[in-house]
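Please look over the structure below before reading on. The briefing that follows takes up a sheet, a helix and the surroundings of two ligands.

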Amino acid sequence: MKNKYFKLNKDYILVTGEKNKSLIYDLKNGNMIELEKEWTDILIQLENGSKIEDVKSINKYDVIEKIKNEKMGEFYDNFIYEKKTRKGMILPLEGMQKLPPIIHKCYIQIPTSCSLNCKFCFLLKSYPCLVCAKNSNVNSIDLKVYKTFLNNLLNLNVHNIIFYGGNVLSYTNIENLLKICLNSKKRPEIWFLLHWRHIRNNKMLEKEIYKKTNFYVTFSANDVFNINNGKNFSLFIETLDYMKKYIKHFELTFVQDTKEISEFKIKSMLDFIINTYKTKIYISELLDENNKSFTNHSFMRVSPEIFWNNYYYHPCLNGTITLNAEGKILPCPSMENEIIGDVAENKNALKEVFLDNKIDKYWKLNLGKIEQCKECIYRFGCFECRAIEVKISQELNGKSLCKRGD
Ligand code: SF4
Ligand code: SF4
Ligand code: SF4
């Protein structure tokens, strides 16, 4: 008999969760399609290999027809197992990293402070790793230790190096470090993370060496969009024009530090900046008792790479590592208490982080290992900041800033 079985095509992955919820991950178009209970029941039976005639539901033929019309599923005469889509071999089958591992982002903290006094500097906020922050400068490592670390790092497979701290350009040795990175055959992208006021009137950017660098630039609503400081907006725009002229690329982090400016005004100003400079703007919201709407997750377009990355690994921590100004190796710049190595004491610390699998605890912390997320149907398309959850819960796998999994 023909058409005995029906199942989803290999680009469509059914994920079931608690309360009979389910979601189809459409790896072809990047969508996540949430299903009602009845559809879930029918699809689970079909995906598990039940014959269509045995599926218990009066609406099974309607559901099958709709899925077939969307070209998401197909009839079969025999039940065959087919592997779901994976893109190339970016991940070995068992999801393990090969050595040397791919380091997507290595943050390096520079021992520089800052003379500005932004109120949000030490507050909890989203995207903390994309907002500049002062540091104490106590016990900071010297140039020799930075150089050894950089040379070891550049022997690995590093894609982006991000110098962060207060006013990083004020560090006297910054160009020494920059030259090591730019002379490397690995050609990683180099980023500086700092506040727009550190760039304004800074003639350093006109030097040849900065032409190959990228900047993450912090600005805030109260500073730049406040009508009482009208001229700040034009100074900020002048600074963006200046950067555009001299450096390779910049992206912006907007800190939403006031409720006094209307959402409409903020949106139109941000749209203006995005359209004028063709750049990305990350929105960093402050987490305080006045902000009840703060959520620490966003949904991604689920390409095969993202789905399988999130299947095995943490959506953000995977591929991230940090050296702080005291020489401590951390999984990310905002997890100050999770120390996995110390280059001030051991010049092989970076190598050992990988050889001894110390980083796996963080990189492999997929959301299936977080109690509140493990049954959530969105967990393979969800981006969350682990550092902020750790700061609130004091636990590596704590979660309190999402209500969806309840
Ligand atoms: S400019 Fe950056 S580092 Fe300086 S006080 Fe403001 S947030 Fe902190
Ligand atoms: S419960 Fe977890 S996986 Fe689900 S949406 Fe919230 S943060 Fe994301
Ligand atoms: S967990 Fe990710 S988003 Fe959060 S601070 Fe660390 S690197 Fe940044």
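Which residue takes a positive phi in the hairpin of strand 13 and strand 14? In this model, which is predicted, that residue is Gly 327, whose phi is near 95°, and the hairpin has four residues between its two strands. The points below set this hairpin within its sheet and then turn to a helix and to two ligands.

**The sheet as a whole**

- Nine strands make up an open sheet with mixed pairing, and their order across it is 11-10-9-8-7-6-13-14-15.
- Strand 11 (281–285) and strand 15 (341–342) stand at the edges, and because each has a single partner strand, one side of each is left without a neighbour in the sheet.
- As a general background, the strands of a sheet pair through backbone hydrogen bonds, and they do so either parallel or antiparallel.

**Strand 6 and its two partners**

- Strand 6, which covers residues 102–109, pairs in the parallel sense with strand 7, residues 157–164, and seven bridges connect them.
- Within strand 7, the residue that stands opposite Ile 108 is Phe 163.
- Strand 6 also pairs with strand 13 in the parallel sense, here over four bridges, and Tyr 107 stands opposite Thr 322 of strand 13.

**Strand 13 and the hairpin**

- Strand 13 (residues 320–323) is covered on both faces, since Thr 320 and Thr 322 on one side are buried, as are Ile 321 and Leu 323 on the other.
- This arrangement can be read alongside a general rule, namely that in a regular strand the side chains alternate between the two faces of the sheet.
- Strand 13 and strand 14 (residues 328–330) run antiparallel and are joined by two bridges, with Ile 329 in strand 14 as the bridge partner of Leu 323.

**Helix 9**

- In helix 9, which spans residues 304–312, the buried residues are Pro 304, Phe 307, Trp 308, Asn 309 and Asn 310.
- These buried residues of helix 9 pack against strand 2 (12–16) and strand 3 (22–26).

**Surroundings of the ligands**

- Among the residues around ligand 3 are Thr 320, which also belongs to the buried residues of strand 13, and Cys 129, Cys 316, Cys 332 and Cys 385.
- The shell around ligand 3 contains eight nonpolar, two polar and one charged residues.
- Ligand 1 is surrounded by residues including Cys 114, Cys 118, Cys 121, Cys 132, Lys 134 and His 195.
- Sorted by class, the shell around ligand 1 comprises six nonpolar, four polar and one charged residues.

Key
Residues numbered from 1 in each chain as written. Chains lettered and ligands numbered in written order. Predicted model: local features only at pLDDT ≥ 70, side-chain atom pairs only at ≥ 80, totals over all residues. Pairing = 2+ DSSP bridges. Buried ≥ 20, exposed ≤ 12 C-beta atoms within 10 Å, placed from the backbone. Contact = placed C-beta atoms within 7 Å. Near = placed C-beta within 6 Å. Nonpolar A, V, L, I, M, F, W, Y, C, P; charged D, E, K, R; others polar.
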